[in-house]
Amino acid sequence: MLTLTQAVYDQIVAHARKDHPDEACGVVAGPAGTGRPERFIPMLNAARSPTFYEFDSKDLLKLYREMDDRDEEPVIVYHSHTATEAYPSRTDVTYANEPAAHYVLVSTADTDGLGEFQFRSYRIVDGVITEEAVEVVEAY
(Lines give C-alpha, C1' and ligand atoms only; values in the text may rest on other atoms or scores of the structure.)
Protein backbone atom coordinates (compact mmCIF):
# COMPACT_ATOMS: atom_id res chain seq x y z
CA MET A 1 0.00 0.00 0.00
CA LEU A 2 1.11 3.55 -0.73
CA THR A 3 0.71 5.96 2.18
CA LEU A 4 1.26 9.64 1.46
CA THR A 5 0.32 12.93 3.02
CA GLN A 6 -2.53 15.08 1.78
CA ALA A 7 0.05 17.76 0.94
CA VAL A 8 2.05 15.46 -1.36
CA TYR A 9 -1.15 14.11 -2.93
CA ASP A 10 -2.32 17.68 -3.63
CA GLN A 11 1.06 18.64 -5.12
CA ILE A 12 1.03 15.69 -7.55
CA VAL A 13 -2.55 16.43 -8.64
CA ALA A 14 -1.84 20.17 -9.02
CA HIS A 15 1.21 19.43 -11.20
CA ALA A 16 -0.82 17.09 -13.42
CA ARG A 17 -3.53 19.72 -13.84
CA LYS A 18 -1.02 22.54 -14.47
CA ASP A 19 0.83 20.69 -17.24
CA HIS A 20 -2.35 19.42 -18.96
CA PRO A 21 -2.71 18.89 -21.92
CA ASP A 22 0.90 17.62 -21.76
CA GLU A 23 1.82 14.79 -19.45
CA ALA A 24 3.37 15.87 -16.14
CA CYS A 25 6.08 13.84 -14.44
CA GLY A 26 8.16 13.87 -11.31
CA VAL A 27 9.46 12.09 -8.25
CA VAL A 28 8.69 12.14 -4.54
CA ALA A 29 11.82 11.30 -2.59
CA GLY A 30 12.03 10.03 0.93
CA PRO A 31 14.65 9.06 3.49
CA ALA A 32 16.40 5.88 2.33
CA GLY A 33 14.83 2.73 3.74
CA THR A 34 11.69 4.38 5.14
CA GLY A 35 9.30 4.11 2.20
CA ARG A 36 7.95 7.54 3.23
CA PRO A 37 7.37 9.93 0.32
CA GLU A 38 8.28 13.37 1.67
CA ARG A 39 10.03 15.65 -0.83
CA PHE A 40 8.01 16.55 -3.92
CA ILE A 41 10.19 17.08 -6.99
CA PRO A 42 8.31 18.09 -10.14
CA MET A 43 10.29 17.43 -13.28
CA LEU A 44 10.04 18.85 -16.77
CA ASN A 45 8.55 16.53 -19.37
CA ALA A 46 11.36 16.78 -21.92
CA ALA A 47 9.04 15.29 -24.57
CA ARG A 48 6.42 18.02 -23.97
CA SER A 49 3.80 15.62 -25.23
CA PRO A 50 0.16 14.83 -24.35
CA THR A 51 0.80 11.11 -24.92
CA PHE A 52 4.34 10.52 -23.68
CA TYR A 53 6.66 11.63 -20.90
CA GLU A 54 10.41 11.61 -20.68
CA PHE A 55 12.74 12.84 -17.95
CA ASP A 56 15.59 14.97 -19.25
CA SER A 57 18.71 12.83 -18.77
CA LYS A 58 20.75 15.71 -17.27
CA ASP A 59 17.95 16.64 -14.86
CA LEU A 60 17.57 12.99 -13.84
CA LEU A 61 21.31 12.60 -13.20
CA LYS A 62 21.28 15.78 -11.11
CA LEU A 63 18.27 14.50 -9.15
CA TYR A 64 19.88 11.13 -8.38
CA ARG A 65 23.09 12.82 -7.23
CA GLU A 66 21.07 15.13 -5.00
CA MET A 67 19.07 12.24 -3.53
CA ASP A 68 22.30 10.35 -2.90
CA ASP A 69 23.81 13.36 -1.11
CA ARG A 70 20.68 13.64 1.06
CA ASP A 71 20.47 9.87 1.75
CA GLU A 72 17.14 9.70 -0.09
CA GLU A 73 15.58 7.37 -2.61
CA PRO A 74 12.74 7.73 -5.11
CA VAL A 75 9.64 6.52 -3.24
CA ILE A 76 7.13 7.66 -5.87
CA VAL A 77 7.69 8.09 -9.59
CA TYR A 78 4.62 9.80 -11.02
CA HIS A 79 3.24 10.99 -14.29
CA SER A 80 -0.10 11.86 -15.79
CA HIS A 81 -2.21 10.51 -18.60
CA THR A 82 -4.17 13.25 -20.32
CA ALA A 83 -6.62 11.27 -22.44
CA THR A 84 -6.69 7.76 -20.97
CA GLU A 85 -7.24 6.09 -17.63
CA ALA A 86 -4.56 6.01 -14.95
CA TYR A 87 -3.12 2.63 -15.92
CA PRO A 88 0.47 1.97 -17.03
CA SER A 89 1.05 1.77 -20.77
CA ARG A 90 3.56 -0.60 -22.34
CA THR A 91 6.00 2.30 -22.52
CA ASP A 92 5.45 3.07 -18.81
CA VAL A 93 6.27 -0.55 -17.96
CA THR A 94 9.44 -0.39 -20.07
CA TYR A 95 10.57 2.76 -18.21
CA ALA A 96 9.82 1.34 -14.74
CA ASN A 97 13.34 0.71 -13.50
CA GLU A 98 12.89 1.32 -9.75
CA PRO A 99 11.49 -1.94 -8.33
CA ALA A 100 11.01 -0.45 -4.84
CA ALA A 101 9.14 2.62 -6.09
CA HIS A 102 5.43 3.25 -6.22
CA TYR A 103 4.40 4.26 -9.74
CA VAL A 104 1.61 6.80 -9.44
CA LEU A 105 -0.53 7.68 -12.42
CA VAL A 106 -2.92 10.61 -12.45
CA SER A 107 -5.45 10.83 -15.24
CA THR A 108 -6.61 14.32 -16.11
CA ALA A 109 -9.20 12.86 -18.48
CA ASP A 110 -12.67 11.99 -17.23
CA THR A 111 -12.53 8.33 -18.23
CA ASP A 112 -14.71 6.86 -15.49
CA GLY A 113 -17.42 9.46 -14.97
CA LEU A 114 -16.24 9.92 -11.37
CA GLY A 115 -14.52 13.25 -11.85
CA GLU A 116 -11.81 14.94 -13.82
CA PHE A 117 -8.94 12.82 -12.58
CA GLN A 118 -7.98 9.44 -11.20
CA PHE A 119 -5.10 8.88 -8.78
CA ARG A 120 -3.81 5.29 -8.77
CA SER A 121 -0.64 3.57 -7.62
CA TYR A 122 1.15 0.51 -8.94
CA ARG A 123 4.19 -1.61 -8.30
CA ILE A 124 5.94 -2.55 -11.52
CA VAL A 125 8.58 -5.26 -11.14
CA ASP A 126 10.02 -7.28 -14.03
CA GLY A 127 7.21 -6.09 -16.29
CA VAL A 128 4.46 -7.21 -13.90
CA ILE A 129 1.93 -4.51 -12.93
CA THR A 130 0.25 -4.77 -9.53
CA GLU A 131 -2.21 -2.09 -8.44
CA GLU A 132 -2.07 -1.15 -4.78
CA ALA A 133 -4.29 0.75 -2.37
CA VAL A 134 -3.58 4.41 -1.68
CA GLU A 135 -4.00 5.91 1.79
CA VAL A 136 -3.88 9.67 2.20
CA VAL A 137 -3.01 10.87 5.72
CA GLU A 138 -2.63 14.31 7.28
CA ALA A 139 0.89 13.55 8.58
CA TYR A 140 3.25 10.65 9.30
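These legends accompany close-up views of a predicted model.

**Figure 1. The whole protein, built from three helices and eight strands.**
Let us start with the full chain of this predicted model. Read from the N terminus, its elements follow the order β-α-β-β-α-β-α-β-β-β-β. Along the principal axes, the C-alpha atoms occupy a box of roughly 40 × 35 × 30 Å. The radius of gyration is 14 Å, which agrees with the value near 14 Å for a compact globule of 140 residues. Buried residues make up 44% of the 140. Among contacts with a sequence separation of 6 or more, 63% join residues 24 or more positions apart.

**Figure 2. Arg-39, a buried residue in strand E3.**
Here we zoom in on Arg-39, which belongs to strand E3, residues 39-43. Is this arginine buried or exposed? Arg-39 counts as buried because its relative accessible area is 18%, under the 20% cut-off. Its side chain makes a polar contact with the side chain of Glu-72, at 2.7 Å. Setting aside neighbours within four places in sequence, the residues in contact with Arg-39 are Val-27, Val-28, Ala-29, Glu-66, Met-67, Arg-70 and Glu-72. Glu-72 therefore appears in this view both as a contact of Arg-39 and as its side-chain polar partner, beside an arginine that is buried.

**Figure 3. The largest pocket, with a volume of about 210 Å³.**
Which residues line the largest pocket? Its aromatic members are Tyr-53, Phe-55, Tyr-64, Tyr-95 and Tyr-103. Val-27, Leu-60 and Val-77 also line this pocket, as do Glu-54, Asn-97 and Glu-98. Sorted by class, the lining has eight nonpolar residues, one polar residue and two charged residues. If you have just come from the previous view, look for Val-27: this residue is in contact with Arg-39 and also lines the largest pocket.

**Figure 4. The second largest pocket, with a volume of about 160 Å³.**
This view turns to a lining of 14 residues. Nearest the centre of the pocket lie Glu-23, Thr-51, Phe-52, His-81 and Ser-89. Strand E4 (72-81) and helix H3 (90-95) are the elements that give two or more residues to this lining. Helix H3 supplies the largest share, three residues. How do the lining residues divide by class? Five are nonpolar, seven are polar and two are charged.

**Figure 5. The largest cavity, holding about 40 Å³ of space.**
Our last close-up goes to a cavity. How many cavities of 30 Å³ or more does the structure hold? There is one. The largest cavity is lined by Tyr-53, Val-77, His-79, Asp-92, Tyr-103, Val-104, Leu-105 and Ile-124. Strands E4 and E5 (102-107) each provide at least two of these residues, and E5 gives the largest share, three residues. By class, this lining has six nonpolar residues, one polar residue and one charged residue. Some of these names will be familiar from Figure 3: Tyr-53, Val-77 and Tyr-103 line the largest cavity and also the largest pocket.

Note on methods. Residues numbered from 1 in each chain as written. Predicted model: local features only at pLDDT ≥ 70, side-chain atom pairs only at ≥ 80, totals over all residues. Heavy atoms only, no water. 1 Å grid on protein atoms, 1.4 Å probe; cavity = no way out; pocket = protein on both sides within 12 Å on 5 of 7 lines; lining within 4 Å. Points joined across faces, edges and corners; volume = space filled by probe spheres on them. Nonpolar A, V, L, I, M, F, W, Y, C, P; charged D, E, K, R; others polar. Helix = DSSP H or I, 4+ residues; strand = E, 2+ residues; numbered from the N terminus. Buried < 20%, exposed > 50% of the residue type's maximum accessible area, 1.4 Å probe, protein only. Polar contact = N/O pair within 3.5 Å; in protein donor to acceptor, adjacent residues only side chain to side chain. Contact = heavy atoms within 4.5 Å. Rg over C-alpha atoms; globule rule 2.2 N^0.38 Å.
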